[in-house]
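Please take a moment with the sequence and the model shown here, and then follow the paragraphs below, which move from a sheet to the helices beside it and on to the cores.

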Amino acid sequence: MTARKITKKTSRTGPAKLTVRTITSSEIDGWVRSKATGFLSHPAEGEGEYHLGDVDLDRTWGAFEGTTCVGTLRSFATPLTLPGPTEVTSAALTNVTVAPTHRRRGLLTKMITSDLRASADRGEPVGILIASEYPIYGRFGYGAAVDAASYTVDLANVRFRQQSSGHVELVDLATLRREAPPVYERFRTTQPGSIGRSDRWWDRTLEQVDVPGATAVKGYQTIYMSREGEVQGYLRYTAAPEWDLMRPKGTLNIAELVTTSPDAYLGLWRYCCEVDLVTRVQAGDRCIHEPLAWFLEDGRAVRQSGRFDFIWVRVLDVAAALSARRYLTKGRLVIEVTDGQGIAGGRFALDGGPDGATCTSTNATADLTLPVDTLGSMYLGGMSLLALADAGRVDEHSSGAVMRADTMFRSPVTPWCTTWF
Ligand SMILES: CC(C)(COP(=O)(O)OP(=O)(O)OC[C@H]1O[C@@H](n2cnc3c(N)ncnc32)[C@H](O)[C@@H]1OP(=O)(O)O)[C@@H](O)C(=O)NCCC(=O)NCCS
C-alpha cells in the first residue's frame with residue numbers, strides 16, 4: 001500500500017464534520033491505515049484486502065472527518081467458556097484506535113457505545129476485550145476479569161517427580177495445523193475464560209497462508225501422543241543458541257503449550273526443560289495458577305515473573321449472562337446492577353448452583369448493589385468479590401451477602417485465555 005496522496009486543499013472553513021458509522025468494503029484501506037497509525041505502525045501492501053476476510057462489515061466502525069477515516073473499532077462473535085463449563089456467545093472488541101489528531105474528542109465513546117448497543121440488540125450477553133491501557137474501558141462498563149502470568153524456569157534446579165506415559169514428536173507446521181485445532185477445541189470447551197479460534201486464525205498463526213506484513217517465526221513445534229495414540233497436547237516454541245565462555249546458556253521461549261490431560265502437560269513441560277543447550281525456559285500469557293511447580297522436586301525453580309490483567313468483561317444482558325454459567329455453591333442472591341450507559345442495569349434474582357442457574361428481573365429487596373464493571377470482573381469466577389468490596393466497589397445490604405456471592409461466583413478452574421485478539 002502506498003502513502004495516501006493529499007489532494008485536498010486545506011479548507012478555509014475548517015475541518016469537515018465528524019461522523020461515526022459502519023464502513024463499506026471500499027473504505028477498508030483507509031480504515032486499515034488509520035488503525036495502523038493508532039497502533040504506531042504502518043500497513044503492509046495488500047493488508048486492507050486481507051483484512052476484509054477477517055472483518056464483519058456490519059460491526060466494523062469508523063470515525064470519519066469527511067471521507068477520511070480517523071477512528072477504528074470492530075467486534076466479532078466468539079464463544080466464551082464459562083464456569084461449569086458452559087459457554088455464551090460474546091462480542092469480542094478489537095482494533096480500537098483514534099488518530100492522534102482527533103483524540104479526546106469523544107470518538108471512542110461514540111464508536112464503542114454504538115457497538116455495545118448493537119451487540120446487546122443482537123442478543124450477545126457479554127462483551128470482552130484485551131485493553132492496551134488499564135484506565136480506558138472501566139467507564140464503558142468493562143471490568144478486568146481474567147489475569148495472565150509469565151513464568152521463568154531455572155533449569156539448574158529442575159527435577160521432575162514423575163515421567164509421562166506417552167511421547168513427544170517434532171512436527172512441521174502443516175502437521176500442527178491439522179493436529180492442533182481439535183486439541184485446542186477440547187481444551188477451550190473446559191477452560192473458563194478461553195475463546196474460539198477461526199480457521200483463518202489457525203492458517204495465519206501457523207503460517208499456512210501469506211499474510212501481508214507478517215514475518216515467519218522460525219520456531220519449532222511438537223505434539224504429545226498418549227500411550228493409546230491420541231494427540232493430547234501441542235507446543236510451539238523458539239530457541240536460539242547462546243554461550244557463556246564455552247558453557248551453553250540458551251533460553252527456550254514457549255509460544256504456546258496446550259494440553260487436554262495432566263500426562264500431556266507433564267510430557268510437554270518436561271520436554272521443554274530437557275532440550276539440550278537450554279538453561280532457562282520462559283513462557284508468557286499463561287494461567288496465573290500454573291501447576292508446573294507441583295510436578296517438580298523443587299517448586300521454586302518456577303518463578304512467576306509477571307502478572308497482568310488480560311480479559312475484560314462487559315455484561316450486556318444480566319439475566320442471560322448470569323443464567324448461562326454455573327456456580328460453585330447453591331444459593332440465591334438479589335443483585336442490583338447499575339449501568340451508567342443504560343444497557344444492562346436493573347434488579348435481578350439469581351438462583352444458581354453447580355447444576356444450573358436461573359436469573360430474572362425482580363422487585364425483591366437487593367442483597368447487593370454493584371456497578372456493571374464489577375459484575376464483569378466477577379463473571380468468570382477469577383476475581384475476589386471480597387477484595388472488590390474492600391475497595392468500595394460493592395454495596396452490601398444484607399449481612400453476609402458479599403461472602404455468599406464471592407463463594408458462589410468462584411470458578412473451580414482458574415480462568416485463563418491464551419488467545420490474543
Ligand atoms: C484509546 C483511544 C482509542 C481513546 O480514544 P479517544 O477518542 O481519545 O477517547 P474519548 O475521547 O472517547 O475518551 C473518552 C474518555 O476516556 C478517557 N480516555 C481515553 N483514552 C484514555 C487513556 N488511554 N487513558 C486514560 N483515559 C483515557 C478520556 O480522557 C475521556 O475521559 P472523560 O470522559 O473523563 O473526558 C485512543 O487514545 C487511541 O487510539 N490510543 C492508541 C491505541 C490504543 O491504545 N487503543 C486501544 C486498544 S485496546
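Two strands count as paired if DSSP finds at least two bridges between them, the strands (E, at least two residues) and helices (H or I, at least four) being DSSP runs numbered from the N terminus. The model is predicted, so that local features need pLDDT of at least 70 and side-chain atom pairs count only at pLDDT 80 or more, while totals for chains, interfaces and linings use all residues. Residues are numbered from 1 along each chain as its sequence is written, and side-chain values use heavy atoms, with hydrogens and water left out.

Five strands, in the order 17-16-15-18-19, make up an open sheet with mixed pairing. Strand 17 (356-361) and strand 19 (395-396) each have a single partner strand and stand at the edges, so one side of each is left without a neighbour in the sheet. Strand 18 (residues 368-371) runs antiparallel to strand 19 and is joined to it by two bridges, and Leu 368 has Glu 396 as its bridge partner in strand 19.

Helix 8 (residues 372-379) packs on this sheet, touching strand 15 (331-338) and strand 18, where contact means heavy atoms within 4.5 Å.

The largest nonpolar core, a set of buried (under 20% relative accessible area, 1.4 Å probe, protein chains only) Ala, Val, Leu, Ile, Met, Phe, Trp, Tyr and Cys residues joined through side-chain atoms within 4.5 Å, has 46 residues. Domain 1 (18-121) and domain 3 (311-409), with bounds from an automatic or database domain assignment, both give residues to this core, so it lies between them.

Definitions and conventions:
Axes are lines fitted to C-alpha atoms, for helices over the stretch in contact, and angles run from 0 to 180 degrees between N-to-C directions. Buried means under 20% relative accessible area, exposed over 50%, partly exposed in between (1.4 Å probe, protein chains only).
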